[in-house]
Amino acid sequence: DLHSFPTRRSSDLHIGNIELLPRAPARADVPQPIFIMGFPRSGTTLIEQVLASHSAVRAGGELSFVTELRQFSLQQFAGPEPFPDNLARTWTADNRWAATLFRDYYFARAEQYGLLAPGKRYFTDKMPFNEIWLPLVRMAFPHAKIVRVLRHPLDVCVSMLANNMTHGFNCGFSVEDIVHHLLAVSDLDEHYARELAVEQLQLHYERFVAEQRNETTRLLAHLGLELEPACLSFHENPRYAPTPSYAQVTQQLNDRSIGRHRHYAAQLAPLLPQLQRLIEARGY
């Protein structure tokens, strides 16, 4: 359903209440998730391929675990409230174990996928729209490494229309749907990032392309990792990335997809009034 995910305006999970959410203690005995967040076709597959080329990182791909946590939370803490308001039930002393339960559920699923095998410090999770469930991520992984990838909104629209998007709330059904979802998710993401005090690294796709070494170094430093040559030669990584970008990440970094929206200026013009605020806020 187009309107099935929560928005900042509809949620009663206000800032004072957010502070009451329990937080799970960290587990130091297993690799930790890196959450790569960003709207579909923003460059998240590129960033994952760069990270997966590092000796300390295992590729996880588009994992459904956080989405499952949302359903799990509704089952465990059932009531008349929708998500995320049902999380208010975890504030009580009897339910504060919920955060640890969420953490261990996530790790149990990760173990099933072989992501907790020894030899790596991290594994990636780049499921689109994980940012919608950010309260669950914050509860299960208070100190999680989060990377948020941004791209020019109009290029996102064009790229999504050029691909058959089979998941994500039917967000790619039409350009109007893309814009609706892009604005709603961006609004919610900004709200949660601020109110949850989430530490995240923002990467602009265009800047990453223009300044590959500097931006790769900055990305790895966010994770406490040193630059490795393989990260700059990510296109030589034999891993197959099961996303629409599978072929693009086997090529050397290039700027061919930047500014594609200019070829469709007339068709996109009616959408500019809606997107202008977001375009300017992101520095485009």
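**Exercise 1. The two sides of helix α9**

Which residues are exposed on the other side of α9? Identify them in this predicted model, after establishing where the buried residues of the helix lie and what they pack against.

*Solution.*

Step 1. Begin with the buried set. In helix α9, which covers residues 212-222, Gln212, Glu215, Thr216, Leu219, Leu220 and His222 are buried. Because these residues cover an arc of only 155° around the axis, they sit on the same side of α9.

Step 2. Recall the geometry of the helix. With 3.6 residues a turn, an α-helix has residues three or four places apart pointing the same way.

Step 3. Turn to the other side of α9, where Asn214 and Ala221 are exposed.

Step 4. Locate the packing partners. The buried residues of α9 pack against the helices α2 (44-52), α8 (205-210) and α10 (229-232), and also against β4 (145-150) and β5 (200-204).

Step 5. Examine one of these partners. Of the 9 residues of α2, 9 are buried, so that the helix is mostly covered. Among them are Thr44, Glu48, Gln49 and Ala52.

Step 6. Inspect the backbone just after α9. There, Gly224 adopts a positive phi of about 75°.

**Exercise 2. Ala59 in its loop**

Determine whether Ala59 is buried, partly exposed or exposed, and list its contacts beyond four places in sequence.

*Solution.*

Step 1. Place the residue. The loop between β2 (57-58) and α3 (65-76) contains Ala59.

Step 2. Classify the residue. Ala59 has a relative accessibility of 23% and therefore counts as partly exposed, since buried requires under 20% and exposed over 50%.

Step 3. List the contacts. Apart from neighbours within four places in sequence, Ala59 is in contact with Glu48, Ala52, Leu115, Thr124 and Arg239. Two of these, Glu48 and Ala52, also appear among the buried residues of α2.

Step 4. Set sequence separation beside distance. Ala59 and Thr124 are separated by 65 residues in sequence, yet their C-alpha atoms are 5.2 Å apart.

**Exercise 3. Two buried helix residues**

Describe the surroundings of Cys157 and Ser73.

*Solution.*

Step 1. Assign each residue to an element. Cys157 belongs to helix α6 (residues 153-161), and Ser73 to helix α3.

Step 2. Classify both. Cys157 counts as buried because its relative accessibility is 0%; Ser73 is likewise buried, at 0%.

Step 3. List the partners of Cys157. Not counting residues up to four places away in sequence, Cys157 touches Val175, Ile178, Val179, Leu268 and Leu275. Its C-alpha atom is 8.9 Å from that of Leu182, a residue 25 places away in sequence.

Step 4. List the partners of Ser73. Leaving aside neighbours within four places in sequence, they are Phe83, Asn86, Leu87, Phe102 and Leu136.

**Exercise 4. Enclosed and open space**

Characterise the largest cavity and the second largest pocket by volume, lining and residue class.

*Solution.*

Step 1. Count the cavities. The structure has 1 cavity of 30 Å³ or more, and the largest cavity holds about 80 Å³ of space.

Step 2. Identify the cavity lining. It consists of 13 residues, with Phe39, Glu131, Arg148, Ser186 and Arg282 nearest the centre. At least two lining residues come from each of β4 and α7 (175-195); α7 contributes the most, with 4 residues.

Step 3. Classify the cavity lining: 5 residues are nonpolar, 3 polar and 5 charged.

Step 4. Repeat for the pocket. The second largest pocket has a volume of about 210 Å³. It is lined by 16 residues, and Ala26, Gln32, Phe141, His143 and Ala144 are the closest to its centre. Two or more lining residues are supplied by each of β1 (32-37) and α4 (98-112). The lining divides into 11 nonpolar, 2 polar and 3 charged residues.

**Exercise 5. The chain as a whole**

Summarise the composition of the chain and the confidence of the model.

*Solution.*

Step 1. Count the elements: the protein chain has 12 helices and 5 strands.

Step 2. Assess burial and contacts. Of the 284 residues, 55% are buried. Among contacts with a separation of 6 or more, 79% join residues 24 or more positions apart.

Step 3. Assess confidence. The mean pLDDT is 88, with 89% of residues at 70 or more. Over residues 1-12, however, pLDDT stays under 50; the model gives this segment 28 contacts beyond four places in sequence.

Key:
Residues numbered from 1 in each chain as written. Predicted model: local features only at pLDDT ≥ 70, side-chain atom pairs only at ≥ 80, totals over all residues. Heavy atoms only, no water. Buried < 20%, exposed > 50% of the residue type's maximum accessible area, 1.4 Å probe, protein only. Contact = heavy atoms within 4.5 Å. Arc of directions from axis to C-beta. 1 Å grid on protein atoms, 1.4 Å probe; cavity = no way out; pocket = protein on both sides within 12 Å on 5 of 7 lines; lining within 4 Å. Points joined across faces, edges and corners; volume = space filled by probe spheres on them. Nonpolar A, V, L, I, M, F, W, Y, C, P; charged D, E, K, R; others polar. pLDDT = per-residue confidence, 0-100.
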